[in-house]
Amino acid sequence: MRPYPSRPARLAVPAAALLLLLGAACPAVAADGDPDRDFTIEDSRITESSGLAASRLHPGVYWTHNDSDDGPYVFAVDSRTGKTVATITMRGVGEPRDVEGISIGPDGDIYVGDIGDNLDGTWSHVWIYRFPEPKVLRDATVTATQYDVKYADGARNAEALMVHPTTGRVYIASKNEDGGGLYEGPAKLTPGATNTFRRVGEVPWVTDGAFSPDGGSLVLRSYFSARVYDFEDGRLGESRSVAAPFQRQAESVTYTADGSALMFGSEGAGSGVVRVEIEGGAKPSGGGEEKGKPSGGSGSSGSGTPSSGAGDGQDGDGKGSVGLGAVIIVGVGALWFALRRKRGQG
């Protein structure tokens, strides 16, 4: 005969059941299907999403790519569903080595940065690929322009490619544990020639970056933090910390197309993209959260800027939050004490 459980064990059963029910009732992705909200990349081919860029032509769509020898592919992912709605194959660019960044210029062209160098400066040059953003979202092969790039102060590793949204000038942020540099490209990139990038600023360890839609701010993220810099006349200004979510392998960031929030992405199969509000920014399409509040657990404070701090309780891919955990704990505790009181009265 199975022994009857003790009273603490009997009380633990409904508590555990409540915990499971609450967990099941809180999906990682917003169920309302609004664009530009937290979402999970569903495409099993995208296992190393290393860059994000908000589409200029297709609201709620984000362009991304894998790194490390995946091939000449770029994916359009719909934030409403997390599904890939177009796969673009670039031709005329040779064999990509380590694609790490993506950005969209004021001309509507997509720029793809084959700029990674995991051996920290063993390649004498890297590449940038460029093609117009497709007006229709469907699988297609496009002819891309390839640009050869080198750095004025020698080869280095980099993961952040940013195109300024008004000048069209391309910037690269190098990645180094002792601090990297912000590199500025020529006023106009030239195919068939060497395009030399020159160091114009000092930055921390950087895994991705993006300009705000008006070009007045530049966000740079690392594995555990992010900062927003004022940007004027091609140079970095004052900076402030951002409430970047704590993610499994924090590799990407971009502004939403309307500049109302930042979208933080991660590598890994089924990786999550987390929205962090900018106080004073527009609400997400279809409603969304109160201005200055997070969508998915990241806080925001300050006037017109992302909030300071880091993490704010997000787990591996922004699935759940400390706030949700507190609600669960309080609920379980209340149930436990209620049952205990009932047992005592019985």
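**Strand pairing and nonpolar cores in a predicted model**

Strand β12 (residues 170–174) and strand β13 (residues 180–184) are paired in the antiparallel sense over three bridges, where strands are DSSP runs (E, at least two residues) numbered from the N terminus and pairing requires at least two DSSP bridges between two strands. Within this pair, Tyr183 of β13 is the bridge partner of Ile172. The model is predicted, so that local features need pLDDT of at least 70 and side-chain atom pairs count only at pLDDT 80 or more, whereas totals for chains, interfaces and linings use all residues. Residues are numbered from 1 along each chain as its sequence is written, and side-chain values use heavy atoms, with hydrogens and water left out.

An open sheet of mixed pairing is formed by eight strands in the order β6-β7-β8-β10-β14-β13-β12-β11. Because β6 and β11 (158–163) stand at the edges with a single partner strand each, one side of each is left without a neighbour in the sheet.

The largest nonpolar core (buried Ala, Val, Leu, Ile, Met, Phe, Trp, Tyr and Cys residues joined through side-chain atoms within 4.5 Å; buried meaning under 20% relative accessible area with a 1.4 Å probe, protein chains only) has 19 residues, and Trp63, Val74, Met90, Ile102, Ile110, Val112 and Phe131 are those with the most contacts inside it. At least two residues of this core are supplied by each of β3 (61–64), β4 (73–78), β5 (84–91), β6 (101–104), β7 (109–114) and β8 (126–132). A second, separate core of 15 residues includes Ile115, Tyr151, Ala158 and Leu189. Across the chain of 346 residues, buried residues make up 48%.

Methods:
Buried < 20%, exposed > 50% of the residue type's maximum accessible area, 1.4 Å probe, protein only. Helix = DSSP H or I, 4+ residues; strand = E, 2+ residues; numbered from the N terminus.
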